[in-house]
Each structure stands twice: as C-alpha cells, then as structure tokens.
Amino acid sequence: MITSTQPLLVVDGVSKSFGSNHVLKDISLTIRRGDVTCIIGASGSGKSTLLRCLNRLETPDSGVVYLDGCPVGMKWEKNKLYEMHPKELAAQRQAMGMVFQGFHLFPHLTALENIMQAPLTVKKEKYEDSRKAGMELLDRVGLVEKARFYPHQLSGGQQQRIAIARSLAMKPKVMLFDEPTSALDPELVGEVLWVMKSLAQDGMTMAVVTHEMAFARDVANHVVFMDGGYIVEEGAPESVIGNPQHERTKSFLSRV
Ligand code: ADP
Ligand code: MG
C-alpha cells in the first residue's frame, strides 16, 4: 500500500561486488518525497554504483531497494522474492529519471525531438500532447529558443539541460543525477545547477552524486558521505559539511 508518509526510496542492506572488489557494503538509506539527497565522497568510493543500484542498472548481490514500498526489479511470490520480468522492471525504471555526466542526447534529433522521443515511443503519447509538454519542459530549463537546434549546435551546459528535460518528460517520481556537471567547462556549471535548484524548489525528489559542495550545502536537505563502500556519515548539510564528526569526512572535505 502506498501512503504519503511512506519513504519514496528505501535502500535496505545493499551489497555489491565486482569480482573481489567489494564496492558497496551493506548500504541502507532512506529518501523521502521532496528530499534532495547529495551523495559525496572520493572517486571510487561507490557513489555511482549505489545510484545505479537504485534503478537496477546494477543488480545488488544482496539487499533490496524499495520504490514506493515495492521492491525494485523483484516480485514477491509465495513469500519469496524473485527477479521480475524485464518489461516490469522497465516500467519501474520509468519512475526514476537518470542524468549522467555525459549528456547522451540523440545526435540526429533536435532538442525538442529528444525530449519528445520517449513519451512518443514508450508511452505512445499523442504527437501534439508530447510536443506541448516538450515545449513546456524547454521553457522550464530556459531553452525554448533552442527547440529546433541539434545537440552539436548546443553548448555542453545546454545539452545537459536538454538531457534533464528529456528525463522529466517521462514524469519520474525521482531524479537521479550522477555528477551532472563534471564534464562541463566551469563557466557552464552554474546554468545546470540553476535548473537542478529550481527542480528542487518545485518539490522534485532528487538523489545527486556531486562534487559541488556549495550546491550540496544550499540545495540538499540530506547529505551522504561515502568512503570505501560504506556510508560513513549522513545528515543535514549543516552537520555533514558544516560540522563533520568523522575523520574521513573531515579529510575528504579538506581536499575538495
Ligand atoms: P564512484 O562513483 O564513487 O567514483 P564507483 O561506484 O564508480 O565509484 O566505483 C566504485 C568501485 O567499483 C571502483 O573501484 C570501480 O573501479 C568499481 N566498479 C564500478 N563499476 C564497475 C564495473 N561495472 N565493473 C567492475 N568494477 C566496477
Ligand atoms: Mg562515479
């Protein structure tokens, strides 16, 4: 049963190894509706793997992720959890928009067509409906005037804003961002963070892997510091970033 007080995402004891490399070690994490959770930590600490376990781009070795109370990628049958059919998983994944470091836009489609593509093909929306929604999303990311531009005619910052709009077009319940500004020239970072901040202010639930500490401090209500596959420290940004308790958090923050 879905209730409004039920957390949107619950990570319950997730572990993941690649060969002998134990990357996630019994991770548990709760993300509530409207939360902006920033995941910080050194390169290799398991941040991307954790994010990818949320929508099952990586399959956890053990542990379960719940979306709205339902196990992601798994189904209860006769009191046991089984792997669900890929089609059912695809439907669950639609609820989790993902934005990566690289923008991965379709090069042969315009900005507007990129945004309309999934609603048209996956959701079988009517052309006019998805065009109208696409233009609204372009407006939301401040790029209405670029509707007919192709990705190669856009800056990295503009491409990333289109990638965000494209994710939003599927009306996700949560947006997952994996270092969305790391590939950008410094002068283009701000416009992408601005779009993300406005999404957060509109109440979008977001999990953001980032090295942008100012963004984490200003926009997140929850900061998670990872090190060596563990969540070492988590809490409000004022605590984790402003007044870290653990040596490893202090040492990481002194280096970024
Ligand atoms: P972060 O995002 O914090 O930099 P990652 O989750 O990408 O960390 O990686 C954590 C560890 O897992 C690293 O040692 C990385 O090499 C390893 N790893 C990540 N993905 C894979 C994969 N698909 N196959 C093998 N090793 C991987
Ligand atoms: Mg990463």
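Is arginine 56 buried or exposed? This tour of a predicted model reaches the answer after a visit to the ligand.

**Stop 1: the annotated domain**

Begin by selecting residues 9-253. The unreviewed UniProt entry places the feature "domain: ABC transporter" on this stretch. Over these residues the chain is 36% helix and 28% strand. Display the C-alpha atoms at the two ends of the selection: they are 27 Å apart.

**Stop 2: the shell around ligand 1**

Next, select ligand 1 together with the residues that surround it: Phe18, Asn21, Val23, Ala42, Ser43, Gly44, Ser45, Gly46, Lys47, Ser48, Thr49 and Glu58. Colouring this shell by class shows 3 nonpolar, 7 polar and 2 charged residues.

Three contacts deserve inspection here. At glycine 44, a polar backbone atom lies 2.7 Å from an oxygen atom of the ligand. At lysine 47, the contact comes from the side chain, where an N or O atom is 2.8 Å from an oxygen atom of ligand 1. At serine 48, a polar side-chain atom is likewise found 2.8 Å from a ligand oxygen atom. On its own, ligand 1 has 550 Å² of accessible area, and the protein covers 59% of it.

Which elements give two or more residues to this shell? They are β2 (21-31) and α1 (47-54). Of the elements, α1 gives the most, with 3 residues.

**Stop 3: from arginine 56 to glutamate 83**

Now select arginine 56, which lies in the loop between α1 and β4 (62-67). The opening question can be settled here: arginine 56 is buried, because its relative accessible area is 10%, and the cut-off for buried is under 20%. Add glutamate 83 to the selection. The two side chains meet in a salt bridge, with 3.4 Å from N to O. This pair links distant parts of the chain, for glutamate 83 belongs to strand β7 (residues 80-83), 27 residues away from its partner. Unlike arginine 56, which is buried, glutamate 83 is exposed, at 55% relative accessibility.

**Stop 4: two further salt bridges**

The count for the model comes to 12 salt bridges. Select aspartate 202 and arginine 140, whose closest N and O atoms are 3.2 Å apart. Aspartate 202 sits in the loop between α6 (186-201) and β10 (205-209), whereas arginine 140 is in helix α4 (residues 127-140); 62 residues separate them along the chain. Aspartate 202 is exposed, with a relative accessible area of 55%, while arginine 140 is partly exposed at 33%.

Move on to aspartate 227 and arginine 248. In this salt bridge the closest N and O atoms are 2.9 Å apart. The bridge joins strand β11 (residues 222-227), which holds aspartate 227, to helix α9 (residues 247-255), which holds arginine 248, across 21 residues of chain. Arginine 248 counts as partly exposed, at 43% relative accessibility.

**Stop 5: a network of charges**

Select Arg33, Asp68 and Lys173 together. These residues are linked in a network of salt bridges.

**Stop 6: glutamate 77**

Finally, select glutamate 77, located in strand β6 (residues 74-77). Its relative accessibility of 39% makes glutamate 77 partly exposed. Add glycine 97 and draw a line between the two C-alpha atoms. How far apart are the C-alpha atoms of glutamate 77 and glycine 97? They are separated by 28 Å, with the two residues 20 apart along the chain.

Terms used
Residues are numbered from 1 along each chain as its sequence is written. Chains are lettered from A and ligands numbered from 1 in the order in which they are written. This is a predicted model: local features need pLDDT of at least 70, side-chain atom pairs count only at pLDDT 80 or more; totals for chains, interfaces and linings use all residues. Side-chain values use heavy atoms; hydrogens and water are left out. UniProt positions are given in the numbering used here, feature names are shortened, and annotations may be inferred rather than shown by experiment. Helices (H or I, at least four residues) and strands (E, at least two) are DSSP runs, numbered from the N terminus. Buried means under 20% relative accessible area, exposed over 50%, partly exposed in between (1.4 Å probe, protein chains only). A residue is near a molecule or strand if one of its heavy atoms lies within 4 Å of it. A polar contact is a pair of N or O atoms within 3.5 Å; within protein, one must be able to donate a hydrogen and the other to accept it, and residues adjacent in sequence count only if both atoms are side-chain atoms. Accessible areas come from the Shrake-Rupley method with a 1.4 Å probe; for residues, only the protein chains shown count as cover. Ala, Val, Leu, Ile, Met, Phe, Trp, Tyr, Cys and Pro count as nonpolar, Asp, Glu, Lys and Arg as charged, and the others, Gly among them, as polar. A salt bridge is a side-chain nitrogen of Lys or Arg within 4 Å of a carboxyl oxygen of Asp or Glu.
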